[in-house]
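Visitor: I am new to this structure. Could you walk me through it, one question at a time?

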Amino acid sequence: HFIISPMFKKILTLSFLVVLTLSACKNKTDESQNVSLEEKKSNKYDKPIDINYTLWNLKSNDSLKKVFKNKFTPQELTTLVSLNGRDKSTIFQADSVIVPDKFEEDFLVYSPFPYQVTSLKDVNKIALFSYAIQAYALYENGNLVKWGPTSMGSKKHLTPTGLFFTNWKGEEIQSSFDDEWVLKWNFNIENKEGIGWHQYALPGYPASHSCLRLLEQDAKWMYDWASEWVLADKETVKAKGTPVIVFGSYDFSKKGPWLNLAEDNKSNRISSDILEAEIKKYLPEILKEQENSILVAQQTTK
């Protein structure tokens, strides 16, 4: 048996209490840090970051084009081509380009679409294409997850507007209209007309033959993101794919609307009210098809 003096007992008791206190403080600090991180994450896009833009006039100015080309990092150049509705092969053909006053790592901060859309909270996934600003937005349960530029149908070959659903896809296919057109990461949204989104040149205006052109990295990402339809047989659709809404119209008499950002950094934004009005037209059908797709998936796994 060991005999412990009363004084030593007091020291042990005090030491134990100190350890408990420090541990409680640490847990409290960790909890507050976790809450802080969660709050920061959830509030990240509650208020759009205020970004201003400058207009660079590159027309017939080779020296300025050279400065422009050498001034920006590859990542910054990726941001610039997206903001100007172009790709890296066509950006230096532009007469004018808009340049943000600061470059953010997360491209979502430049979004002309709202970060949250209340009416979409029960919609698992949806793609929205705005003809007016030649841009798309992807939402999951009402939260914006991705956006980017597009080149939709030309004045002669307008892209139809309304509600569609993704159906079949192919990594690299030949156009049914012209077999010289190779469409990479193609995802059809209208089977009979052969309309879909895919990678192709973005010249800074609507130039396609009714399809929805995308940057290759965007088309590849969306190729995996959206769902294909489920067929019972060659003629019968058992379940539709991801809903797609194409809306608005483009003013072909004017240059790209994003160029107006130099004068008004909010000029290119699609308001929540506009989106809510468009979504309201199709929401019952979207939710009905989503419920059916879930049932079909459950039946398939049984």
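Visitor: Over the face of which residue does Lys169 lie?
Guide: This is a predicted model, and every value here is computed from it. A charge sits over a ring only if it is within 6 Å of the ring centre. Lys169 is 4.4 Å from the ring centre of its partner. That partner is Tyr223.

Visitor: Which residues are linked by ring pairs into a cluster with Tyr223?
Guide: Tyr223 is part of a cluster linked by ring pairs. Its other members are Phe129, Tyr136, Trp185, Phe187 and Trp197.

Visitor: Is Trp185 buried or exposed?
Guide: Trp185 is found in strand 8, residues 182-190. It has a positive phi of about 55°, although it is not a glycine. Its relative accessible area is 14%. Buried means under 20%, so Trp185 is buried.

Visitor: And Asn141, which also has a positive phi: where is its place?
Guide: The phi of Asn141 is about 50°, and Asn141 is not a glycine. Its relative accessible area is 37%, so it counts as partly exposed. Its place is in the loop between strand 4 (135-140) and strand 5 (143-149).

Visitor: Over the face of which residue does Lys146 lie?
Guide: Lys146 is found in strand 5. Lys146 touches Leu108, Tyr136, Ala137, Leu138, Asp218 and Trp221, leaving aside residues up to four places away in sequence. At 5.3 Å from the ring centre, Lys146 lies over the face of one of these, Trp221.

Visitor: Is Lys146 buried or exposed?
Guide: The relative accessible area of Lys146 is 17%. The cut-off for buried is under 20%, so Lys146 is buried.

Visitor: With which side chain does Asp218 make a polar contact?
Guide: Asp218 lies in helix 4, residues 216-225. At 5% relative accessibility, it counts as buried. Asp218 touches Tyr136, Lys146, Gly148 and Pro149, not counting residues up to four places away in sequence. Its side chain makes a polar contact, at 3.4 Å, with the side chain of Lys146.

Visitor: How many residues of strand 3 are buried?
Guide: Ile126, Leu128 and Ser130 point one way from strand 3. Ala127 and Phe129 point the other way. Residues on both sides are buried. The count is 5 of 5.

Visitor: What is the bridge partner of Phe129 in strand 4?
Guide: Strand 3 and strand 4 pair in the antiparallel sense over 5 bridges. They form a hairpin with 4 residues between them, and Gln134 in the turn has a positive phi of about 50°. Across this pairing, the partner of Phe129 is Tyr136.

Visitor: And what is the bridge partner of Phe129 in strand 13?
Guide: Strand 3 also pairs with strand 13, in the parallel sense, over 4 bridges. There the partner of Phe129 is Val246.

Visitor: Which element gives the most to the largest nonpolar core?
Guide: That core has 34 residues, and Tyr110, Phe113, Ile126, Tyr139, Trp147, Ile245 and Leu275 touch the most other members. Elements giving two or more residues are strand 3 (126-130), strand 4, strand 5, strand 6 (162-165), strand 13 (243-247) and helix 5 (272-301). With 5 residues, the top contributor is helix 5.

Visitor: How many residues are in the other core?
Guide: Another core lies apart from the largest one. Among its members are Tyr136, Phe187, Trp197 and Met222. Its size is 22 residues.

Visitor: Is the pair of Trp56 and Phe68 stacked or edge-to-face?
Guide: There are 14 aromatic pairs, by the ring-centre rule. Trp56 in strand 1 and Phe68 in helix 2 are 12 residues apart. Both are buried. Their ring centres are 5.3 Å apart and their planes at 70°, so the pair is edge-to-face.

Visitor: Which residue with a positive phi follows helix 3?
Guide: Helix 3 spans residues 74-83, and its buried residues are Leu77, Thr79, Leu80, Val81, Ser82 and Leu83. These pack against strand 1, helix 2, strand 2 (96-100) and strand 5. After the helix comes a residue with phi near 60°, Gly85.

Technical notes. Residues numbered from 1 in each chain as written. Predicted model: local features only at pLDDT ≥ 70, side-chain atom pairs only at ≥ 80, totals over all residues. Heavy atoms only, no water. Buried < 20%, exposed > 50% of the residue type's maximum accessible area, 1.4 Å probe, protein only. Polar contact = N/O pair within 3.5 Å; in protein donor to acceptor, adjacent residues only side chain to side chain. Contact = heavy atoms within 4.5 Å. Core = buried A, V, L, I, M, F, W, Y, C linked by side-chain atoms within 4.5 Å. Phe/Tyr/Trp six-rings, centres within 6.5 Å; stacked < 30°, edge-to-face > 60°. Lys NZ or Arg CZ within 6 Å of the ring centre and 35° of its normal. Pairing = 2+ DSSP bridges.
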